[in-house]
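Here's a set of exercises on interfaces, symmetry and salt bridges. Grab your viewer and try each one before reading its solution.

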4 protein chains.
Amino acid sequence: MKVLEPPLIIVNFKTYLEATGRRALELAKRCEKVAKELRVNVAVAPQAVDIAVIASSVSIPVLAQHVDPHPPGAYTGGVTVEAIKEAGAVGTLVNHSEKRLRIDEIDEVVKRAKSAGLEVIVCASTPEVAASLSALKPRFIAIEPPELIGTGRAVSKVRPEVITDTIKLIKQVNPEVVIICGAGITSGEDVEAALRLGAQGVLVASGVVKAKDQEGALKDLANGLLRGAKSRP
Amino acid sequence: MKVLEPPLIIVNFKTYLEATGRRALELAKRCEKVAKELRVNVAVAPQAVDIAVIASSVSIPVLAQHVDPHPPGAYTGGVTVEAIKEAGAVGTLVNHSEKRLRIDEIDEVVKRAKSAGLEVIVCASTPEVAASLSALKPRFIAIEPPELIGTGRAVSKVRPEVITDTIKLIKQVNPEVVIICGAGITSGEDVEAALRLGAQGVLVASGVVKAKDQEGALKDLANGLLRGAKSRP
Amino acid sequence: MKVLEPPLIIVNFKTYLEATGRRALELAKRCEKVAKELRVNVAVAPQAVDIAVIASSVSIPVLAQHVDPHPPGAYTGGVTVEAIKEAGAVGTLVNHSEKRLRIDEIDEVVKRAKSAGLEVIVCASTPEVAASLSALKPRFIAIEPPELIGTGRAVSKVRPEVITDTIKLIKQVNPEVVIICGAGITSGEDVEAALRLGAQGVLVASGVVKAKDQEGALKDLANGLLRGAKSRP
Amino acid sequence: MKVLEPPLIIVNFKTYLEATGRRALELAKRCEKVAKELRVNVAVAPQAVDIAVIASSVSIPVLAQHVDPHPPGAYTGGVTVEAIKEAGAVGTLVNHSEKRLRIDEIDEVVKRAKSAGLEVIVCASTPEVAASLSALKPRFIAIEPPELIGTGRAVSKVRPEVITDTIKLIKQVNPEVVIICGAGITSGEDVEAALRLGAQGVLVASGVVKAKDQEGALKDLANGLLRGAKSRP
C-alpha cells in the first residue's frame with residue numbers, strides 16, 4: 001500500500017551520485033526491503049528523472065523532491081504535479097532548504113497537489129516559518145534547521161528545542177498538521193529522540209545515501225522509529 | 001543512431017499535458033516514425049520525469065529541457081547532467097526563455113555537459129544575447145524571440161532579420177556554432193524559410209504538441225526541412 | 001509625528017517616472033499637505049534612491065518599498081534595514097507582489113526590522129498567504145490581489161470577500177495584526193468600502209501617482225478614509 | 001569633472017555599515033580628497049539609498065552598485081536607470097557576483113543605461129564569462145573571481161592569469177572594452193601589478209571600507225595606480 005502514514009521515515013535521495021539512476025533503484029529496493037521486514041513506513045524521494053522507474057519497481061511510497069507551482073503548459077524545464085503523479089509519485093516534498101520557494105508558490109503547490117490527490121510535505125527552516133506554513137494547510141510539515149543538514153549532528157539531539165518549539169507553534173495555528181523533522185539524523189537513537197520529542201517521523205538523506213552499508217543504516221533508523229513510536233508523548 | 005546532427009528538428013514537449021507521461025511516449029514514437037520514414041533528424045525534449053522511459057523506447061536522440069549547473073550532491077530538487085545522462089539523454093536545452101539562467105550558470109552547464117559528453121543547445125532571446133552566449137562555446141545556439149513563442153507567427157517569416165542578425169553576430173564571435181531557431185514555427189514553409197535564411201534547424205513545441213494530427217504536423221515540418229536543406233545558402 | 005498608525009493611507013510610488021526624483025519629492029509634499037489639512041494618516045513609500053531627500057523634507061512617515069533580508073556587509077546592490085533607517089525611513093513594505101521574497105527571507109526581514117525599531121508592512125496576495133504570514137508577527141499585513149493591481153477596479157468593491165476572508169483567517173492565527181488592503185483603489189468610495197469591510201487602511205499607487213490632479217485624488221481618498229473610519233465595524 | 005576615465009579606481013561601498021549613511025558621505029569625501037591631491041581617477045559606488053546625498057556633495061563620479069533591467073513603472077522595490085541618473089549617478093555596476101543577473105537582463109541594462117547616457121561596468125566571474133559579456137558592448141568589464149573577493153589575496157598577484165586570459169579572450173570578441181579587475185586588492189602593489197598585467201583600473205571594497213585609515217589606504221592604492229599607469233604594456 002503506497003500510503004504515506006506516520007510514523008515514517010522519508011529518505012531524500014537529493015542528487016547524490018550514490019542515489020542516481022541504477023543506484024537510486026537499488027537504494028529504493030533496500031528501503032522497500034527494510035520497510036517490509038521491520039514493518040515500518042519508509043518513503044523514498046528520488047530525483048525527478050528517476051521517479052518513474054522506481055515507482056513502477058517498488059511497493060513503498062515514492063515522493064518527488066520538488067514540484068513547480070505552475071499548471072501544465074508552456075513551462076520548459078518545469079516539474080508539474082501532473083507529471084509526477086502520472087510517473088507514480090504519491091506526493092512531493094516542497095520548499096526544501098536547498099530548493100526554496102516563495103510563499104505564494106508554496107500555497108499554489110499545496111492547493112494543486114491536494115486537488116490532484118497528492119500528499120505534500122512542506123519543509124521549513126525555523127519554528128516560526130513552520131507555523132506560518134502550517135496555515136496553508138499541508139498535511140505534513142518537515143522542520144529542518146539548514147545549518148545541521150548533512151552534518152551528522154542530529155536536530156533531535158543538539159537542538160531539541162527546535163522540534164518542541166515547532167510543535168508548540170504549529171499547534172496554535174493548525175493542530176491537524178503531521179510534524180516530522182530532519183537535519184543531521186543518522187542513527188536509530190536520533191530517530192527515537194525525535195519521536196520522544198513529539199515528531200511523527202524523520203527526513204533523512206546523507207545518513208542513508210552515503211552510508212557504506214545503506215541497508216544496515218536503514219535498519220538502525222527503522223528500529224529507532226519503532227522504539228520511539230512506543231514511547232511517544 | 002542517437003546523434004544530434006544538423007539539419008534537425010527539435011520537438012520541445014514543455015510541460016504540456018498532451019506531452020506528459022503516456023502521451024509523451026506516444027508523441028516520441030510518432031517523432032521516431034517520421035524521422036525514419038522521411039530520413040530527417042528529429043530529436044525530442046520531454047520533461048525530466050519522462051526522459052528515462054522515452055530514451056529506452058525510441059531510437060532518436062532525447063534531450064533534457066534543462067539541467068542545473070551544480071554537480072551531483074546535496075541539491076534537493078535538482079536535475080543534474082549525470083542524472084539525465086544515465087537516464088539516456090544525449091544532451092540538453094538550457095536557458096530557454098521559460099527557464100532562464102544566469103550567465104555564470106550557463107557557462108557551468110556548458111562545461112559540465114561537454115565534459116560528460118553531452119550536447120548543449122543554449123537558447124537565446126536576442127541576436128546580441130546569442131552572440132554573447134556563443135563565446136561560451138556551446139555546439140548549438142537556438143535563437144527564439146520570446147514574444148513569438150506559442151503564437152503560430154513564425155520567426156522565420158515575421159522576423160527574418162532576427163535569424164540573419166544572429167548568424168552575422170555569432171559568426172564574428174564563434175563561427176563553429178550550429179545555429180537553429182524557434183518561436184511560432186508550425187508549418188513546413190516556416191522551416192524551409194528558416195533554413196533558407198541560414199539556420200540549420202528548428203525548435204518547435206506547440207506547433208506539434210498541440211496539433212490535432214501530431215504525425216501530420218511533423219511530416220509537414222520534416223518536408224520543409226528537406227526542402228530547406230537543399231536550398232541552404 | 002512620523003508614526004505609522006491606523007487608519008491610514010500608504011502611497012506606494014513604485015518606480016513610476018511621475019514619482020521619481022524631483023517629482024517624488026513634490027508628490028511627498030502633496031501627501032504631507034493633505035495629511036495635515038484633513039488630519040488623516042498618510043505615509044509615502046518612495047524608491048530607495050529617493051528616501052533620504054524625502055524623509056528630510058516632510059513630516060509624514062516615509063517607508064521603503066522593500067528591504068533585503070541580509071545584514072550589512074558584503075552585499076553589493078543590497079538595501080539594508082540599517083541603510084533605510086539612517087536615511088530616515090520609519091519602516092518598509094516587504095513582499096509586494098512586484099518584489100516577492102521567500103518565506104524564510106520575509107521572516108528575517110520582520111525580525112531584523114523589529115529589532116531596529118522599524119515598522120513592517122508585509123504584503124500578501126491571497127487570504128491564505130496573508131494568514132500564513134501573520135504567524136511571523138509583523139504589525140501590518142497588506143492584502144493585495146495582484147490581478148487587480150493597477151486596474152482601477154478596487155478590491156473593496158469587486159472582490160470584498162478577499163478582505164473579509166483575510167480578516168477572518170488572520171484573526172484565527174494572530175489577532176494583533178493591523179490589516180490593510182490594496183489593488184485597484186482610486187477613489188474615496190473605494191477606501192470607505194475597505195474600512196467598512198474591516199480593513200484599517202489602504203495601499204494605493206497608480207490611483208494617486210498617475211492622477212492628473214494628485215492632490216485632488218489624495219483628498220478624495222482621505223475623505224473616504226474619514227468616512228470609513230466613522231463607520232468601522 | 002564627473003567622467004569615468006581609465007586608469008581608475010572604483011570603490012564599491014557594498015552595504016558595509018562603515019560605508020552607510022553619514023559614514024558613506026565621509027568616505028566619499030575622502031575618496032574625492034585623494035583623487036584631487038594625487039590627480040587620479042577615483043569613482044565611488046554607494047548603496048542606492050546614499051547616491052543622492054553623495055552625488056550632490058562630491059565632485060568625483062558616483063556609480064550605482066546595481067540597477068534593474070526594467071523601465072520605470074509598476075515595479076515596487078526596483079532601482080531604475082532613470083532614478084539613479086536623476087539622483088546624480090554617472091553610471092552603474094551590474095552583475096556583481098553578489099547581485100548576479102540573467103544575461104538577457106544584463107543586455108537590457110546595458111542598452112537602457114547607454115541610451116540614458118550612463119556608463120555601465122559589467123562584472124564577470126571568469127574570463128569566459130567576461131568575453132561573453134563583452135559581446136553585449138558595455139564600455140567597461142570588471143573581472144572578479146568571486147573566491148578571492150574580500151580575502152586580501154589580490155587577483156593581480158595570486159591569479160594573474162585570470163587577468164591576462166580575460167584580456168586575451170575579450171580582445172577576440174570586442175577590442176573596444178575597457179577591462180578592470182578586482183577581488184582581494186588592498187595595496188598599491190596589488191594595483192600596480194594589475195595595471196602591469198594590462199588592466200586599466202581596479203574595483204576595491206573592503207580594502208578601503210574596512211581599513212582603519214581609509215584615507216591612507218586610498219593613497220596607497222592611488223600611488224600604485226600612478227606607478228602602474230606609467231609602466232602599462
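**Exercise 1.** Which residues are linked with A:Lys33 in a network of salt bridges?

*Solution.* First, the ground rules. This is a predicted model, where local features need pLDDT of at least 70 and side-chain atom pairs count only at pLDDT 80 or more, while totals for chains, interfaces and linings use all residues. Residues are numbered from 1 along each chain as its sequence is written, chains are lettered from A and ligands numbered from 1 in the order in which they are written, and side-chain values use heavy atoms, with hydrogens and water left out.

Next, the criterion: a salt bridge is a side-chain nitrogen of Lys or Arg within 4 Å of a carboxyl oxygen of Asp or Glu. With that rule, A:Lys33 joins up with A:Glu37, A:Glu215 and A:Lys219 in one network. Over all chains, the search turns up 88 salt bridges.

**Exercise 2.** Find the salt-bridge partners of B:Glu37, A:Lys157 and B:Asp107, and say where each pair sits.

*Solution.* You'll want the helix numbering: helices are DSSP runs (H or I, at least four residues), numbered from the N terminus. You'll also want the accessibility classes: buried is under 20% relative accessible area, exposed over 50%, partly exposed in between (1.4 Å probe, protein chains only).

- Step 1: B:Glu37 pairs with B:Lys219, with the closest N and O atoms 3.4 Å apart. This one ties distant parts of the chain together, from helix H1 of chain B to helix H10 (residues 214–230), 182 residues apart. B:Glu37 has a relative accessible area of 44%, so it is partly exposed, and B:Lys219 is partly exposed too, at 27%.
- Step 2: A:Lys157 goes with A:Glu189, N to O 2.8 Å at the closest. Again distant parts of the chain are linked: A:Lys157 is in helix H6 (residues 155–158) of chain A and A:Glu189 in helix H8 (residues 188–196), 32 residues apart. A:Lys157 counts as partly exposed because its relative accessibility is 43%.
- Step 3: B:Asp107 bridges to B:Lys111, closest N and O atoms 3.0 Å apart. Both lie in helix H4 (residues 103–115) of chain B, four residues apart, or about one turn of the helix. B:Asp107 is buried at 3% relative accessibility, whereas B:Lys111 is partly exposed at 37%.

**Exercise 3.** Describe the interface of chain B and chain A.

*Solution.* Start with the contacts (heavy atoms within 4.5 Å): 35 residues of chain B touch 34 residues of chain A.

Then the area. Buried area is the accessible area (1.4 Å probe) that two parts lose on being put together, summed over both. Here that comes to about 2700 Å², with 58% from carbon and sulfur atoms. On the chain B side, B:Thr15, B:Val49 and B:Thr76 lose the most area, together 27% of what that side buries.

Now the pairs. There are zero salt bridges between chain B and chain A. Polar contacts are pairs of N or O atoms within 3.5 Å; within protein, one must be able to donate a hydrogen and the other to accept it, and residues adjacent in sequence count only if both atoms are side-chain atoms. The rule finds 13 residue pairs in polar contact across this interface (both at pLDDT 80 or more).

**Exercise 4.** How many salt bridges does the rule find across the interface of chain C and chain A?

*Solution.* Four. One salt bridge between these chains is C:Arg100 with A:Asp104, whose closest N and O atoms are 2.4 Å apart. Polar contacts come to three residue pairs (both at pLDDT 80 or more). The contact takes 19 residues from each of chain C and chain A, and the two chains bury about 1500 Å² between them, 65% of it on carbon and sulfur atoms.

**Exercise 5.** What rotation superposes chain B on chain A?

*Solution.* Superpose by least squares on the C-alpha atoms of residues with pLDDT of at least 70 in both copies. For chain B on chain A, you get a rotation of 180° with 0.0 Å of shift along its axis (RMSD 0.0 Å). That's the relation of a two-fold axis. Of the residues of chain B, B:Val49 comes closest to the axis, its C-alpha at 2.3 Å.

Chain C superposes on chain A by a rotation of 180° with 0.0 Å of shift (RMSD 0.0 Å). In chain C, C:Arg102 has the C-alpha nearest that axis, 2.0 Å from it. The copies meet through the same surface, because 100% of the interface residues of chain C are also interface residues in chain A.

Technical notes. Helix = DSSP H or I, 4+ residues; strand = E, 2+ residues; numbered from the N terminus.
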